[in-house]
Amino acid sequence: MATKFTISQEQGVYLDCDKAYLPHIPGIYVVYSCDYDSSSGIAEIKDVLYIGETQNVNERHNGTPDHPKQHEHYEDFVRKAGGVEHVCYGIVPMEDYSDDTRVWIQDAMIFRQKPQINSGPEKYHYNHPAIDLTLQNFPNCWKTFHIFMPYDYGDEVGL
């Protein structure tokens, strides 16, 4: 039997120029390509570029005062999006989830969505306990808002 989860992306996205304001929380982050209209303040999400998880979303993208660094795929984000002005971040807060569960959910999302920049084994094989995952408040570029993954090394069932 699959464990059920419902996760919700925060309303709105953070533009790359505002990534210093990303929250200092554990969570899943989604890097999107977007078109931003500064006159309306609206970012139109185009595509999922990358999905990741971390104990501290802000530090993952901005580093710390002692170790200032940007995400190891940052240049890939910029290149695939067509410039820094087209990179934005969606956040799924996960303060109440264990590190293992966060990875489990992230891997199901990567396997189903197959983002352009993710390249690890989780993109091609789901190797965790069965999951029944519902996504809320995600943009329309997602392939699905319901993911069912059995524990069978990558075969997707029930979409």
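## Rings, strands and a loop cysteine

Lys114 lies over the face of Phe111, 3.8 Å from the ring centre. That is a good place to start a tour of this model, which is predicted.

**Aromatic pairs**

Searching the whole structure turns up five aromatic pairs. One of them joins Phe5 and Tyr97: the ring centres are 6.1 Å apart and the planes meet at 45°, so the pair is tilted. To be called tilted, a pair needs an angle that is neither under 30 degrees, which would be stacked, nor over 60, which would be edge-to-face. Phe5 belongs to strand E1, while Tyr97 sits in the loop between strand E5 (87–93) and helix H3 (99–113), so this pair ties together parts that are 92 residues apart in sequence.

Are these two residues buried or exposed? Phe5 is buried, with a relative accessible area of 14%, and Tyr97 is partly exposed at 25%. The cut-off for buried is under 20%.

Tyr50 and Phe77 make another tilted pair, at 5.5 Å centre to centre and 55° between the planes. Here, too, distant parts of the chain are linked: Tyr50 is in strand E4 (residues 42–54) and Phe77 in helix H2 (residues 74–81), 27 residues apart. Tyr50 counts as buried at 10% relative accessibility, and Phe77 is buried as well, at 0%.

Here are the two pairs in brief.

| Pair | Centre to centre | Angle between planes |
|---|---|---|
| Phe5 and Tyr97 | 6.1 Å | 45° |
| Tyr50 and Phe77 | 5.5 Å | 55° |

Which residues do ring pairs link into a cluster with Phe5? They are Tyr97 and Trp104.

**Strand pairing around E6**

Strand E1 (residues 3–8), home of Phe5, pairs with E6 in the parallel sense over six bridges. Within this pairing, Lys4 has Asp132 of E6 as its bridge partner. Asp132 also has a bridge partner in E7, namely Phe148. E6 and E7 run antiparallel and are joined by four bridges.

**Cys141 and its contacts**

Between strand E6 (131–136) and strand E7 (146–149) comes a loop, and Cys141 lies in it. Which residues does Cys141 touch, leaving aside those up to four places away in sequence? The contacts are Tyr32, Ile45, Lys46, Asp47, Val48 and Gln113. For one of these, Ile45, the C-alpha atom is 7.2 Å from that of Cys141, although the two residues are 96 residues apart along the chain.

Methods:
Residues are numbered from 1 along each chain as its sequence is written. This is a predicted model: local features need pLDDT of at least 70, side-chain atom pairs count only at pLDDT 80 or more; totals for chains, interfaces and linings use all residues. Side-chain values use heavy atoms; hydrogens and water are left out. Helices (H or I, at least four residues) and strands (E, at least two) are DSSP runs, numbered from the N terminus. Contact means heavy atoms within 4.5 Å. Two strands pair if DSSP finds at least two bridges between them. Rings of Phe, Tyr and Trp (its six-membered ring) pair if their centres lie within 6.5 Å; planes under 30 degrees apart count as stacked, over 60 as edge-to-face and the rest as tilted. Buried means under 20% relative accessible area, exposed over 50%, partly exposed in between (1.4 Å probe, protein chains only). A charge sits over a ring if NZ of Lys or CZ of Arg is within 6 Å of the ring centre and within 35 degrees of the ring normal.
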